[in-house]
Amino acid sequence: MKTSILTKLVSFLLVCLSIMSCTDPYQMKTDTFEDAIVIEATITNVLEKQTLKLSRTYRFEDAGPVFEEDATVTVTDSDGNVYNFVEENETYVSTTAFQAVAGKQYQLSVTTSDGRKYVSNQEILPAVNNIESVAASVQTQDNVRGVEIRVKSFDPTNSSKYYRYEYEETYKIISPKWRPYKAVITGPQEIEIVPRTEEAQTCYSTDKSTDIILVNTNETQEDRVDFAVRFISAKNYIISHRYSILVRQYVQNLHAFTFYKNLKKISGSGNILSPNQPGFLSGNIKCVNSPNEKVIGFFDVASVSSKRIFFNYADLFPGEQLPPFKVNCNEMEQNLCFSPVPTCHGGSIMSYLGSNTMAVYEYMSAPVYVLVPTPCADCTSFSSNVIPPFWE
C-alpha cells in the first residue's frame, strides 16, 4: 500500500464523514480535518526483515503524512512467537528476519506513544503461487504504440484467486549533450571550465508503481492470470536505452482484496466529495482503548512472488529513432560580458550556473558560451550515477 494514495484519500474520506448530509459537491476546508492513525502493513512468506509504516492523516495544505514515532510494534503468531519492530528511516522494521508460514495465524499490535493500542484481526497466509513469466512486447493501446509488459501465473489448485501487483522499474539514462568538462563560478563575474571528475553522462533511475493493480480469477474456469501490468509509450524517454522491471505478485485473501478494491474505486472516482459519498473505508484494525475510533489501514498477510526482466530499446524497436529526451535540449548562445547592452548576458549566465538550471555545452568561442538545460549535460541533476547491484 502506498502512503501517497492511502493517506491522501483518507483525508478526503474523513472530511466526507463530517459533511455526510451534503448533496452537492463540497468546497474543501481545513477546519473539517480529523486526525487518524494510518497503518500500512504487509508481511509475506519471504524470509526477510518485514517492514510496515505508521503515519497520521494530514491537512490538504500540508506537504505529506507525519511519521508516527516511538510506537511499540509487534507481530505475534499462533505458536506464541513474538516479532518486535523498531524505527528505521521512517518505517518500522522487524529486529529479526521471519516469514509467514501456512497454517499459522498472525496478529499485529501497535501501541502509540500516548498509550493508544491498536490490534488487527488474526490473519493467515493465502496460497503460494509463483509468477510464471514476465514478458515485454510491442503493442498498440488506444492508438498509442509502445511496450506492453505482461505477467502470467497459474494455480492448478484453483486456490489463489485474488492478486495484487506492484512493480519497480529501473532505467538507464544517457545525457545527450554531455561533455567531459563543466563550468564553475570562480568570482562575481568569472567562470572557469574544469574537467569533470564524476560520472555525469550515464545514470540510473528507479520508480515504483503508485496505482493499485488488482486481478481476480474468481469468475473464470481456471486460476490463470495473463495481465498487462504496465504499458510504456514508445515516445517515453525511460525506455531509450536499457530498461528493467521487477514485478511483484501478492496473493491475498478476499477481505484484503476487497479493501484494496474499495480503495482503488475511491482513488479513481474523481471528485469523491460528490452526491455519491463513499463513506469510511474500514480495514481489519481496531483501537482497543476506543472501539469507535477511526483506524485507517489493513494488516495484510500475503504470499509474494517476483520476477525481473531487462530489455534494450534497440531490441524492440530496431533501427528506430530514440524517444525524445526528458527535456528539450535546445542550445542557447550567451555572451559572458556585463555591459548594459542587449548583446551581453553575463548576469544571466551567472544566474543559470548558480541555480544549476543550465550548463555549458560549448566554450571554444569564449566569451560566447553555448548553454543547454542541465539535465541534457549532467544526468546527476535528476538521477543517480550509481549502478544498481542487480543491473545486467
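**Figure 1. Lys161 and Asn143, two loop residues with positive phi, in a predicted model.** Lys161 sits in the loop between β11 and β12 (162-174). Although Lys161 is not a glycine, its phi is positive, at about 70 degrees. A similar story is told by Asn143, which belongs to the loop joining β10 (131-141) and β11 (144-155). Asn143 is not a glycine either, and its phi is positive at about 65 degrees. With a relative accessible area of 79%, Asn143 is exposed. Both are worth a look, because most residues other than glycine have a negative phi.

**Figure 2. The cis peptide bond before Pro367.** Here Ala366 and Pro367 are joined by a cis peptide bond, with omega at about 20 degrees. To find the spot, follow the loop between β22 (358-362) and β23 (368-373), where Pro367 has its place. As background, most peptide bonds are trans.

**Figure 3. A stacked pair, Tyr165 with Phe227.** The whole structure holds 17 aromatic pairs. One of them is the stacked pair of Tyr165 and Phe227, with 6.1 Å centre to centre and 25 degrees between the planes. Tyr165 belongs to strand β12 and Phe227 to strand β17 (residues 223-233), so this pair ties together parts that are 62 residues apart in sequence. The two partners meet the surface in their own ways: Tyr165 is buried, at 1% relative accessibility, whereas Phe227 is partly exposed, with a relative accessible area of 25%.

**Figure 4. A second stacked pair, Tyr313 with Phe317.** The ring centres of Tyr313 and Phe317 are 4.7 Å apart and their planes meet at 25 degrees, so this pair counts as stacked. Tyr313 is buried at a relative accessible area of 4%, and Phe317 is buried too, at 1%.

**Figure 5. An aromatic cluster, and charges over rings.** Four residues, Tyr171, Tyr237, Phe325 and Phe382, make up one aromatic cluster. Rings also meet charged groups in this model. The charged end of Arg164 sits over the ring of Tyr260, at 4.3 Å from the ring centre. Likewise, Arg308 places its charged end over the ring of Phe390, 3.6 Å from the centre.

**Figure 6. Strand β4 with its partners β5 and β7.** Strand β4 (residues 72-77) pairs in the antiparallel sense with strand β7 (residues 105-111), over six bridges. Within that pairing, Thr76 stands opposite Gln107 of β7. β4 also pairs with strand β5 (residues 82-88), again in the antiparallel sense, this time over four bridges. Look for Thr74, whose bridge partner in β5 is Asn84. The hairpin of β4 and β5 has four residues between the strands, and in this hairpin Gly80 takes a positive phi near 90 degrees.

**Figure 7. Gln50, a buried loop residue.** Gln50 is found in the loop between β1 (37-44) and β2 (51-56). Its relative accessible area is 2%, so Gln50 is buried. The Gln50 side chain reaches the backbone oxygen of Phe98 at 2.8 Å. Leaving aside residues up to four places away in sequence, Gln50 touches Thr42, Ile43, Thr44, Phe85, Tyr92, Val93, Ser94, Phe98 and Gln99. Phe98 therefore appears twice in this view, as a residue that Gln50 touches and as the owner of the backbone oxygen its side chain reaches, while Gln50 itself is buried.

**Figure 8. His255 in helix α2.** Helix α2 (residues 254-267) contains His255. This histidine is partly exposed, with a relative accessible area of 37%. Beyond residues up to four places away in sequence, His255 touches Asn121, Gly283, Asn284 and Phe298. For a sense of how the chain folds back, the C-alpha atoms of His255 and Glu123 are separated by 10.0 Å, with their positions 132 residues apart along the chain.

**Figure 9. Confidence along the chain, with two low stretches.** The chain has a mean pLDDT of 89, and 88% of its residues reach 70 or more. Residues 11-28 have pLDDT below 50, and beyond near neighbours in sequence this stretch has 44 contacts in the model. Over residues 269-278 pLDDT also stays under 50, and here the model has 23 contacts beyond four places in sequence. Please view these two stretches with their pLDDT in mind.

Key:
Residues numbered from 1 in each chain as written. Predicted model: local features only at pLDDT ≥ 70, side-chain atom pairs only at ≥ 80, totals over all residues. Heavy atoms only, no water. pLDDT = per-residue confidence, 0-100. Contact = heavy atoms within 4.5 Å. Helix = DSSP H or I, 4+ residues; strand = E, 2+ residues; numbered from the N terminus. Buried < 20%, exposed > 50% of the residue type's maximum accessible area, 1.4 Å probe, protein only. Phe/Tyr/Trp six-rings, centres within 6.5 Å; stacked < 30°, edge-to-face > 60°. Lys NZ or Arg CZ within 6 Å of the ring centre and 35° of its normal. Pairing = 2+ DSSP bridges. Polar contact = N/O pair within 3.5 Å; in protein donor to acceptor, adjacent residues only side chain to side chain.
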